[in-house]
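Q: I'm new to reading protein structures. Could you walk me through one, feature by feature?

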Amino acid sequence: MLKALGPDLGREVTWVASEPPRLDEGLGAVFAETPNIHKWLHYLPVYEEALARSTPIRLLEIGVARGGSLQMWRRYLHPDSVLVGIDIDPTTERFDDPERHIHVRLGSQTDNAFLQRVVDEFGPFDVILDDGSHLNSHIVRTFQYLFLHGLKSGGVYIVEDIAANYWRPYRDVRMSFPDFTKWLIDAMHAHYQEKRAEIFFRAGDPKRAPAVRVPLATTLVEKIEFHDAIAVIRRADGQRSLPVSVFQ
């Protein structure tokens, strides 16, 4: 890795720990007042940017654990938002609270039939948040199904705790989620691989391609954002338009 970065960016330095940020406003204040929750603090501003708060949304969280995260979303998001958590632990059913628009369903994040039942009951979702097993294969497989079949057009898919992908207990397969997103980035640019010159996208040019054969993902993935140990993948609102180049 260090060699690939080059002699300057790859030069090793000492990174000194700093004091935790203050949690006295926004999602940070809600987090500080919510028991039974465990989050990396630098996720909070990422959530604030990605999640709409002024209007009701439908949120699916993979991994319920002690229920604190669902309570945090309940306090932070619009009161009419619908919150759905899934988990394989039967004890998490106690957090099911339909009167407060909190729903918990038991099943595996790798069971597509189960996921589809959840989508049929509560979806499609504006936000899907994977805080589940953290196993490489589970994260990728769940994304492959839910991004297409469970996420609303214009929705946001968040994968957190990507740090675990670099730790041996979670590397059940060779391909990590960061590895997978490299393929996803290539898919976003598949049209340039099919048509290998700018002129095929130039407005008004007779050589402009009227259509291009690409993977479905090319038309749906609007943006991929990576932060420290957390990724935000945005689905296009409808279908992405084929890019147009203008020469003046």
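Q: Let's start small. In which helix does L216 lie?

A: First, a word of care: this is a predicted model. L216 lies in helix α9, which covers residues 216-220.

Q: Is L216 buried, partly exposed or exposed?

A: You read that from the relative accessible area, where buried means under 20% and exposed means over 50%. L216 comes out at 48%, so it counts as partly exposed.

Q: How far is L216 from W73 in space?

A: Their C-alpha atoms are 32 Å apart, and along the chain the two are separated by 143 residues.

Q: Okay, zoom out for me. How many helices and strands does the protein have?

A: Nine helices and seven strands. The C-alpha atoms fill a box of roughly 65 × 50 × 35 Å along the principal axes. Of the 248 residues, 44% are buried.

Q: What share of the contacts links residues 24 or more positions apart?

A: Among contacts with a separation of 6 or more, that share is 64%.

Q: And what about the surface: how much area is exposed, and how much of it comes from carbon and sulfur?

A: The protein exposes about 14,300 Å², with carbon and sulfur atoms supplying 53% of that.

Q: How do the charges add to the picture: how many are positive and how many negative?

A: There are 29 positive and 34 negative charges, and the mean positions of the two sets are 7 Å apart.

Q: Now rings. How many aromatic pairs turn up in the whole structure?

A: Nine aromatic pairs. Take F177 and F180: their ring centres are 5.9 Å apart and their planes meet at 40°, so this pair is tilted. The general idea is that a pair of aromatic rings is described by the distance of the centres and the angle of the planes.

Q: Where do F177 and F180 lie?

A: Both are in helix α7, residues 177-188, and they're three residues apart, about one turn of the helix. Each of F177 and F180 is buried. They also belong to one aromatic cluster, together with F143, F147 and Y157.

Q: Rings can have charges over them too, right? Which ring does K195 lie over?

A: K195 lies over the face of F200, 5.7 Å from the ring centre. Another case is R202, whose charged end sits over the ring of F247 at 5.0 Å from its centre.

Q: What about the loop between α8 and α9: is F201 there buried or exposed?

A: F201 sits in that loop, and it is buried, because its relative accessible area is 5% and the cut-off for buried is under 20%. Setting aside residues up to four places away in sequence, F201 touches H191, Y192, K195, R208, L242, P243, V244 and S245. For a distance, try S241: it is 40 residues from F201 along the chain, with 12 Å between their C-alpha atoms.

Q: Which class does E198 fall into, buried, partly exposed or exposed?

A: E198 is in the loop between α8 and α9 as well, but its relative accessible area is 36%, so it is partly exposed. E198 is 9.9 Å from V246, C-alpha to C-alpha, though 48 residues separate them in sequence.

Q: Let's try the backbone. Which peptide bond is cis, with omega near -5°?

A: The general idea first: most residues other than glycine have a negative phi, and most peptide bonds are trans. Here, the bond from G123 to P124 is cis. P124 lies in the loop between α5 and β4.

Q: And what are the phi values of A65 and D161?

A: Phi of A65 is near 55°, and phi of D161 is about 60°. Both values are positive, although neither residue is a glycine. A65 is in the loop between β1 and α4, and at 56% relative accessible area it is exposed. D161 is in the loop between β5 and α7, and with 14% relative accessibility it counts as buried.

Q: One last residue: where is V119 found, and which residues is it in contact with?

A: V119 is in helix α5, and its 7% relative accessibility makes it buried. Leaving out neighbours within four places in sequence, V119 is in contact with P124, F125, L146, H149 and G150. V119 and L151 are 32 residues apart in sequence, yet 8.7 Å apart in space, C-alpha to C-alpha.

Notes. Residues numbered from 1 in each chain as written. Predicted model: local features only at pLDDT ≥ 70, side-chain atom pairs only at ≥ 80, totals over all residues. Heavy atoms only, no water. Helix = DSSP H or I, 4+ residues; strand = E, 2+ residues; numbered from the N terminus. Buried < 20%, exposed > 50% of the residue type's maximum accessible area, 1.4 Å probe, protein only. Contact = heavy atoms within 4.5 Å. Areas by Shrake-Rupley, 256 points an atom, 1.4 Å probe, with all protein chains shown as cover. Lys, Arg positive; Asp, Glu negative; His and termini not counted. Charge placed at Lys NZ, Arg CZ, Asp CG, Glu CD. Phe/Tyr/Trp six-rings, centres within 6.5 Å; stacked < 30°, edge-to-face > 60°. Lys NZ or Arg CZ within 6 Å of the ring centre and 35° of its normal.
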